[in-house]
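Here's a quick tour of one protein model, written for someone who'd rather be at the bench. Have a look at the structure first, then read on.

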Amino acid sequence: MIFKPGPGRRLFILLVSWMSFAANAENMQLDVNLGWTNLDSGRNDNFKSGKALAVHFDYFLKHWLAADIGLYVSDKTLEESSEDVVGVFRTSILSQAVLLGLKPRYKFSTPYEVYGRLGLQYWRTELELEEFFGTGIPGGTVASKDTGYGYYASIGGGYYVTENVLVQIELRHMQQLDVFGDTSQFPFDLTINSFSFGLGYRF
């Protein structure tokens, strides 16, 4: 039996190979950002603000342009509880993504720079539903996972504390397309917007 890796595994292998190459290369930058997220599935949902971690490895092809590869991981983001005739229910979303794209930047003569990111993502998202019934009736939890493709774009700015270390702020937009499109009669596009602070290190 011949093993054929799926698209997610191929992107993971690409990520590891890129990291191994970049570890021995100059003109590389590592960015780590912690962000506050806002989720929207285009329905009548009301998700609370969540948190997410993004790690990017950038290899500069030119002084103003880098290849951008990253990992995005969110915590469980909860929706406000809702009530129907049988009880109370609440939905939550947990998401991870592998990111691959480009990062243009402009560095001023002062210790500031502005940059952007634009690329594709391969995401893995889990949707969980918790139900709570009346007294004496046990509740329950059901969960479903899906994977697919989408895109991401962001704009940010940095301030160089030293020649190699900079602090960053970044606005990010991510779009996960056709979530549960193969398993549900009601697929949706998940929009993730975030505002983050972070640190960058230029090798």
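What follows covers the overall build, the cavity and two residues.

This is a predicted model, so local features need pLDDT of at least 70 and side-chain atom pairs count only at pLDDT 80 or more, while totals for chains, interfaces and linings use all residues. Residues are numbered from 1 along each chain as its sequence is written, and side-chain values use heavy atoms, with hydrogens and water left out.

**Overall build**

The chain has one helix and 10 strands, and the helix comes at the N-terminal end of the order, α-β-β-β-β-β-β-β-β-β-β. Helices (H or I, at least four residues) and strands (E, at least two) are DSSP runs, numbered from the N terminus. Of the 203 residues, 40% count as buried, meaning under 20% relative accessible area with a 1.4 Å probe, protein chains only.

**The cavity**

A cavity here is a set of points on a 1 Å grid over the protein atoms alone where a 1.4 Å probe fits but cannot get out; lining residues have an atom within 4 Å of a point. Grid points are joined across faces, edges and corners, and a volume is the space filled by probe spheres set on the points. The count comes to one cavity of 30 Å³ or more, and the largest has a volume of about 50 Å³. Its lining includes Asn33, Ala52, Tyr72, Arg172 and Ser194. Strand E2 gives the most to that lining, with three residues.

**Tyrosine 72**

Tyrosine 72, one of the lining residues, is found in strand E3 (residues 65–74). Is tyrosine 72 buried or exposed? Tyrosine 72 is buried, at a relative accessible area of 2%. Leaving aside neighbours within four places in sequence, the residues in contact with tyrosine 72 include Thr37, Leu53, Gln96, Met174 and Ile192; contact means heavy atoms within 4.5 Å. Leucine 99 is 27 residues away along the chain, yet the two C-alpha atoms are separated by 7.5 Å.

**Arginine 105**

Arginine 105 lies in strand E6 (residues 88–107) and is buried too, with a relative accessible area of 13%. Its side chain makes the polar contacts tabulated below, each a pair of N or O atoms within 3.5 Å, where one must be able to donate a hydrogen and the other to accept it, and residues adjacent in sequence count only if both atoms are side-chain atoms.

| Side-chain pair | Polar contact |
|---|---|
| Arginine 105 and glutamate 113 | 2.8 Å |
| Arginine 105 and tyrosine 160 | 3.1 Å |

Conventions. On a 1 Å grid over the protein atoms alone, a cavity is a set of points where a 1.4 Å probe fits but cannot get out, and a pocket is an open set with protein on both sides within 12 Å along at least five of seven lines; lining residues have an atom within 4 Å of a point. Buried means under 20% relative accessible area, exposed over 50%, partly exposed in between (1.4 Å probe, protein chains only).
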